[in-house]
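Welcome, and please open your viewer before reading on. We will go from one selection to the next, with a short note on what is there.

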Amino acid sequence: MVAAVRSVTALLLFAQVLLGGVAAALVPDVERRRSGEQSASFLREFELRLLNMFGLKRRPTPSGAAVVPHYMLELYHMHAAGGGGEQQQGARKRRADRVVSRANTIRSFHHEEALEALSSLKGRTTQQFIFNLTSVPAEELITAAELRIFRDQVLSDFTTSNSSVAGGFHRINIFEVFRPSQSSSEEPLTRLLDTRLVQDSHSRWESFDVSSAVARWTAHSHHNHGLLVEVLHPEEASEEEEAERSRRRHLRVSRSLHGEEDTWPQARPLLVTYSHDGQGAPLLQAHREKRQTRRGPKQRRKPHQRTNCRRHPLYVDFSDVGWNEWIVAPPGYHAFYCHGECPFPLSDHLNSTNHAIVQTLVNSVNSNIPRACCVPTELSPISLLYLDEYEKVVLKNYQDMVVEGCGCR
């Protein structure tokens, strides 16, 4: 994988030299055109193969309207730091660890605003959301899913003079729609997925478990009739209090006609799915293993050992191949590579196998048998936060991307 990334960078630089500048002026027009077409075709095929390794069918070309939720950035920084940090403590961190313990891919989805609607459930008004999950690959197993809704603090002249309102509570219910209503007089067939009692005077994101519904939708897309969000206030609230609560729209479930254009992209409801594609370790496990990796003390090399097999620096910059347009983070990463000789006799620090030792021994008496090769013996993963072909934000763990150790094999 590392070699492939390095090759793409080299090939693109080669193409720039081949197709432009002095070199291009020395080649006849017909030959230059033919060479350029072959090089461009080769690069396209090479890039497509590399994108397939990332699980993409084509190169993403996100529009300027694409939005990366702050929550996804927080998840990326948490996992890039090794699966946790000071910002995650107590119950929140334990829940986050449990949710992603079996996932190597996290995806986020905004609802289809054109399909949102008000619905009646047992005489109460609810908000209906539809999330398009067709971009989730069939081979991915959904391990968990959450619906995140932002609540604004409810404070006003009325509430500050009425402590019972300012410090009051309300309940948020989330339903899965099994069968939508066919007429205005008919109510949808629903099932309660999660419920939460929340305090009016706190501004925060609320998270609801919708795993069972999302798992069914990804397995059978025709079952996806969306979610209903219902807000219930205490029965003892007066009509004046209910009217004030209704006027003070605190639950950000729909775009307002006034004053929310700047904040709505980051405050709109967000569906987050946690899945595993069957390849590699989960996010937390992989990064914990990387964090636990310990290197022994560096050994001072003798002058003749400087050419021996060892790890060399290699930084892959995604902007070099134009991938910074769709990769949100990181801008690049230290991949490293292995290079050097595997001389006879093989030293302990060359991390050799018994077979490599035997092969090197035979090479010392028979040059027709090649020496052992300097190759990576330990690799670690990286996390990529990117926009896929459908402009959905994805956080994914990719195995074997960073060389941690080299040896003769």
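A residue is called buried under 20% relative accessible area, exposed over 50%, and partly exposed in between (1.4 Å probe, protein chains only). By that scale, valine 365 counts as exposed, at 72% relative accessibility. Before moving on, note that this is a predicted model, in which local features need pLDDT of at least 70, side-chain atom pairs count only at pLDDT 80 or more, and totals for chains, interfaces and linings use all residues. Residues are numbered from 1 along each chain as its sequence is written, and side-chain values use heavy atoms, with hydrogens and water left out.

**Stop 1: the surface around valine 365**

Keep valine 365 selected: helix H12 (residues 354-365) contains this residue. Helices (H or I, at least four residues) and strands (E, at least two) are DSSP runs, numbered from the N terminus. Now add Val358, Val362 and Ile369, which together with Val365 make a nonpolar surface patch of about 330 Å² accessible area. Such areas come from the Shrake-Rupley method with a 1.4 Å probe, and for residues only the protein chains shown count as cover. Patch members have over 30% relative accessible area and no salt bridge; like charges are joined within 9 Å, and nonpolar side chains (Val, Leu, Ile, Met, Phe, Trp, Tyr) within 5 Å. A salt bridge here is a side-chain nitrogen of Lys or Arg within 4 Å of a carboxyl oxygen of Asp or Glu.

**Stop 2: strand E16**

Select residues 393-408, which are strand E16; 14 of its 16 residues are buried, so the rest of the structure largely encloses this strand. Which strands pair with E16? Strand E15 (residues 374-387) does so in the antiparallel sense, over twelve bridges, and strand E1 (residues 105-110) is joined to E16 by four bridges, also antiparallel. Pairing requires that DSSP finds at least two bridges between the strands. To see the register, show leucine 379 opposite valine 403, then serine 108 opposite valine 393. E15 and E16 form a hairpin with five residues between them, and glutamate 391 in the turn has a positive phi of about 65 degrees.

**Stop 3: the disulfides**

Show the cysteine side chains next. A disulfide is a covalent bond between the sulfur atoms of two cysteines. Counting sulfur pairs within 2.5 Å, there are three disulfides.

- Cysteine 309 to cysteine 374: S to S is 2.1 Å. The torsion about the S-S bond is about 75 degrees, so this disulfide is right-handed. Cysteine 309 lies in the loop between helix H11 (283-292) and strand E10 (310-312) and cysteine 374 in strand E15, so the link ties together parts 65 residues apart in sequence.
- Cysteine 338 to cysteine 406: S to S is 2.0 Å. Strand E14 (residues 337-339) holds cysteine 338 and strand E16 holds cysteine 406, 68 residues apart. Both cysteines, 338 and 406, are buried.
- Cysteine 342 to cysteine 408: S to S is 2.1 Å. Cysteine 342 is in the loop between E14 and H12, 66 residues from cysteine 408 in strand E16.

With the bonded cysteines numbered in sequence order, the pairing reads 1-4, 2-5, 3-6. Now pick cysteine 373: its sulfur is 7.0 Å from the closest cysteine sulfur, in cysteine 342, which is too far for a bond.

**Stop 4: threonine 273**

Finish at threonine 273 in strand E9 (residues 270-276). Is this residue buried or exposed? Threonine 273 is buried, with a relative accessible area of 1%. Beyond neighbours within four places in sequence, its contacts include Thr105, Ile106, Phe109 and Val214, where contact means heavy atoms within 4.5 Å.
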